[in-house]
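Here are my notes after a look through this one. Have the structure open while you read; I take the strands before the cysteines.

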2 protein chains.
Amino acid sequence: GWGCGSVVEHLLEDAQSSLADINVSLGIVLRLKNLELAAVGGSDVHVRMLAAPINPSDINMIQGNYGLLPKLPAVGGNEGVGQVEAVGCRVTRLKPGDWVIPANAGLGTWQTEAVFSEKALIQVPNDIPLQSAATLGVNPCTAYRMLVDFEKLKAGDSVIQNASNSGVGQAVIQIAAALGLRTINVVRDRPDIQKLMDRLKDLGAEHVITEEELRKPEAKNLFKNTPQPRLALNCVGGKSSTELLRHLAPGGTMVTYGGMAKQPVTAPVSLLIFKDLKLRGFWLSQWKKDHSPDEFQGLILTLCDLIHRGQLTAPACSEVPLQDYHRALEASMEPFVSSKQILTM
Amino acid sequence: GWGCGSVVEHLLEDAQSSLADINVSLGIVLRLKNLELAAVGGSDVHVRMLAAPINPSDINMIQGNYGLLPKLPAVGGNEGVGQVEAVGCRVTRLKPGDWVIPANAGLGTWQTEAVFSEKALIQVPNDIPLQSAATLGVNPCTAYRMLVDFEKLKAGDSVIQNASNSGVGQAVIQIAAALGLRTINVVRDRPDIQKLMDRLKDLGAEHVITEEELRKPEAKNLFKNTPQPRLALNCVGGKSSTELLRHLAPGGTMVTYGGMAKQPVTAPVSLLIFKDLKLRGFWLSQWKKDHSPDEFQGLILTLCDLIHRGQLTAPACSEVPLQDYHRALEASMEPFVSSKQILTM
């Protein structure tokens, strides 16, 4: 046999929807457990996980607030990178030593090793930084598709987003810059805001502005030298999303991919009718359902090109050993976290 | 000279945004006035107005709550039908006796006669009922475009709308039925609701349901025999629009064309992300800007075909002589008006 691996297992269905509740009940909802590895069948791949991040959507899934929920008990984590240890006799695309990431959400990446079906995995080049590989499969993919699929933008056009310091937000800044797009990045005010502004500008942000500043009349000055955006990317909802809408150019589109404020998107009727604004949503899992695995593989290679050229780096990460998952989960839910928690195996 | 005509003139810019205010200040904001007719230039057309309705958007324009506002003083009314009395020497498309409607909003139809430029007018057949001609240029055009331009629907598909008893709402019911589409029509509860339900069903409505009934769990029964709608038409906003979104099929579109509740459209983040719902707006004036006069003329002829076939009738109308415009305006702003006020000249 292949011995046994450790997993962070999601046990109970009653995790509540507030972050406070889940903080309290984390010890009940999740536990570290040793599992026997399954035998490697002909179409299977034995993978040793290397690193797996904790994303907001992982938390939402544990809370039961997500469009796709696993049968419980389940292994947590939807993103991460592993190395192939061994392959079954009918596996053709992968060989030992290859790096792989999940083809779809729900794989369970918070484990030391596991046996997966070949088609549950997508290969990534193993010459990119480990943290880039571990954080490649969800956030940069989401950022790229939202920048490309909703509005036909050309070099010099601008994009506005909130939650600009999130994993997707940082990927948006970098991919937009690589595409010649200019970004207006809204962040929540916080202690040491200048440090955050400097860091996002280093990534390629043209403007970084707080939610409060964006609501002031002087925010119009932003558009003296930057064209009005035709694309807005919303991960917050509530007032923040209404403010993005107010700054969109006529005919523009706002794409919602998250709801951190836990409030609905609120759109003044006049902006829909007289400014012809369009409100859409994006969910990478739906995009994958609507596209072939080859198209997803192509997207991954496009992003790896950017990584190779130094145009796309991983967000600031804190590596935490898997057995300390409890600490990493708590850190990931602190307000104003500036680094992504990555579990290492 | 051509003598003189009476107009309902909009004088002041300080009409406030609440209906109560405008009711009080109607006497100050609007007045009946005699105007000398301009000479008929080479490209001009002398028109004797026959009938012109009072639409909610006329009121919004007087209140200053509209995407297009005239320079004041201005003549009220954006829709209506007139008969050509005389034409200038360079006018080629029109001759005396022809019926005409405004090519665009802002013409000022609440007047007995006027001289317009030929290109401000669109011809309509003069063998359709007068009330149909007077109410053809805005509401049925809006209804048709919304049914056709946003989702590719085929016979048997369904559409959900609120404000189903409005001018647009009644046109939606009839045009949808003519296209083989099934409608779910939401109305506000009111005294004598059964009478309204019967009347809308007579027009071709498949279901008529109150806002309150739509919020109940039993509303799901609607979709036992009717497919979930991929198109929702929203003229209300607020809770009513959220409820339409909840009943849309995955991937469906809600088109907003009015905001009678004076509340923004509120969209739960999860419906945007996980159900891929799309929120759009429609404004006929923008459609006309984006399309040629010939395309508008084509739309009018399509609708006249439906009128000739008995598939599209005017909403229930109350005809009021122009000099009694004050009474007609007040009646048009009563809650639960079931007949459209039409000024006759």
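1. Strand β9 of chain B, residues 158-161, runs parallel to β10(B), and four bridges hold the pairing. To find the register, look for S158(B), which sits opposite R182(B) in β10(B). Between these two strands the chain passes through helix α5 of chain B, residues 167-178, in a right-handed β-α-β crossover. Bear in mind that this is a predicted model.

2. On to the next pairing: β10(B) is also joined to strand β11 of chain B, residues 207-210, by four bridges, and this pair is parallel too. Here N185(B) has V208(B) in β11(B) as its bridge partner. The connection goes from β10(B) through helix α6 of chain B, residues 193-203, to β11(B), and this β-α-β crossover is right-handed as well.

3. How much of β10(B) is buried? Five of the six residues in this strand, residues 182-187, are buried, so the rest of the structure largely encloses β10(B).

4. Now the cysteines. The disulfide count over all chains is zero, with the cut-off set at sulfur atoms within 2.5 Å. Take C141(A): the closest cysteine sulfur belongs to C304(A), and because the two sulfurs are 9.1 Å apart, they are too far for a bond.

5. Is C141(A) buried or exposed? C141(A) has a relative accessible area of 0%, so it counts as buried. C89(A), on the other hand, counts as exposed because its relative accessibility is 70%, and the cut-off for exposed is over 50%.

Terms used:
Residues numbered from 1 in each chain as written. Chains lettered and ligands numbered in written order. Predicted model: local features only at pLDDT ≥ 70, side-chain atom pairs only at ≥ 80, totals over all residues. Heavy atoms only, no water. Buried < 20%, exposed > 50% of the residue type's maximum accessible area, 1.4 Å probe, protein only. Pairing = 2+ DSSP bridges. Right-handed = clockwise from strand over helix to strand, strands pointing away.
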